[in-house]
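This report covers a helix, a loop residue and the cysteines. The sequence and the structure are shown here.

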Amino acid sequence: MKRIVTTFLATLFMIAGAMAQELMVREFRADPSDLSAVVHQVSDANGNPCALVRLGLAVPEASFEGDIIKSEPKEGEYWIYMPEGSNWLNVKTSQYVPLRYDFPEAVKANTTYVLNVMPKPQEKKGLGDLVPVTLPARAGASIGGMATDQGQPVTFNMIKVKSGMYKMGATPEQGSNEDDEKPVHWVTISKDFYIGETEVTQELWEYVMNSNPSVIKDPQLPVTNVSWNDAHEFIRALNQLTRVNFRLPTEAEWEYAARGGHKTGNFKYSGDNTAEEVGFWYINSSSRPQPVKSLKPNEIGVYDMSGNVWELCEDYKNDYPKKDVVDQFGSSPSKNRVRRGGGWDSESVDHLRNAYRRRVEENMRERSTGFRLVLTTD
């Protein structure tokens with residue numbers, strides 16, 4: 001079979017090299033509920049109690065400049081003690097351009113402050129925020145010396161998700177008491193990636209696999225009744241056709257994209273606080289999957305991450321780490337992988353929340369389980 005050339009492949013390797021990356025402040029605030037500055041009190045040169053700045057930065061061996069009495073790494077963050085009235089801090093690392101941050105207001109004694117710093121998203125040349133991938137019509141039989149087309153071209157879109165940092169798990173807007181969504185922790189997504197604008201459709205599955213396992217068949221419905229192993233077979237076949245490496249999203253990538261990436265509006269569901277605006281479940285699905293892109297997208301233009309079909313992730317379903325991590329991946333072997341997002345037959349709207357997670361065995365096929373693609377370009 002002739003190799004497929006896509007508009008995506010024509011530009012894939014034109015990405016410019018990254019320049020020295022900068023840091024940016026995502027959050028600075030006093031936290032009256034955190035008594036660390038009092039319980040672990042440090043005094044300044046005059047014997048007065050200091051303020052404590054808890055700096056969330058997923059970079060080892062950072063150093064600091066400013067009016068600092070004491071600084072120390074502590075469980076994935078840095079604790080920096082500063083005298084009352086201090087109003088700036090320099091952050092230096094071996095990986096990033098130094099960052100100077102001027103506090104909105106001078107710090108106060110016996111008060112704990114939260115300061116979260118993340119890599120500034122980098123702009124890369126060569127690919128846009130939406131990349132169409134076109135698989136042309138395949139050549140069929142020869143009639144009178146002329147090749148006939150077998151089927152129609154299939155195009156699907158990949159949406160750019162810029163690198164960044166976010167709180168993963170049972171954050172306040174999720175309203176969750178699920179133990180497997182705790183502890184809430186900062187996750188750094190260190191590289192930009194592309195995620196499917198929609199779930200993999202039956203049209204795309206049929207093109208690649210010449211079959212359709214879905215119970216209700218329609219080209220514009222998401223493919224369903226597929227297992228984690230089936231999804232990997234599909235991805236292997238697609239990668240042979242396109243000569244690039246599509247894959248399943250990691251659980252951390254999936255939740256970051258569902259939350260809207262660096263454009264997050266901190267919604268409960270993917271793109272809204274009202275489930276029916278963005279997702280299908282048993283209340284509004286008419287007891288069947290619905291065509292992709294039927295409801296509104298989230299902040300970065302991705303559809304259906306809440307509801308319609310459960311979506312498979314690459315990870316094993318592991319407990320969450322108790323510290324901040326970079327590019328989190330559930331790598332401890334178990335018989336269960338992760339699925340996310342809820343489905344058209346979910347009886348609880350809770351399943352559609354951005355942080356909700358459930359297990360799935362690798363060979364399990366269900367009528368409301370599908371998946372979407374991810375691609376990393378470097």
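## Helix α5

The buried residues of α5 are Glu 251, Ala 252, Glu 253 and Trp 254, followed by Glu 255, Tyr 256, Ala 257 and Ala 258. The model is predicted. Because 8 of the 8 residues in α5, which spans residues 251-258, are buried, the helix is largely enclosed by the rest of the structure.

Gly 260 lies just after α5 and takes a positive phi of about 95°.

## Ala 62 and its surroundings

Ala 62 sits in a loop, with β2 (51-56) on one side and β3 (63-65) on the other. Its relative accessible area is 16%, so Ala 62 counts as buried, the cut-off being under 20%.

Leaving aside residues up to four places away in sequence, Ala 62 touches Leu 57, Tyr 78, Lys 92 and Thr 93. Contact here means heavy atoms within 4.5 Å. For Ala 62 and Ser 94, the C-alpha to C-alpha distance is 7.7 Å, while the two are 32 residues apart in sequence.

## Cysteines and disulfides

How many disulfides does a search of the whole structure find? The search finds 0. A pair of cysteine sulfur atoms would have to be within 2.5 Å to count as a disulfide.

Cys 50 has a relative accessibility of 1% and therefore counts as buried. Cys 313, at 0% relative accessibility, also counts as buried.

Note on methods: Residues numbered from 1 in each chain as written. Predicted model: local features only at pLDDT ≥ 70, side-chain atom pairs only at ≥ 80, totals over all residues. Heavy atoms only, no water. Buried < 20%, exposed > 50% of the residue type's maximum accessible area, 1.4 Å probe, protein only. Helix = DSSP H or I, 4+ residues; strand = E, 2+ residues; numbered from the N terminus.
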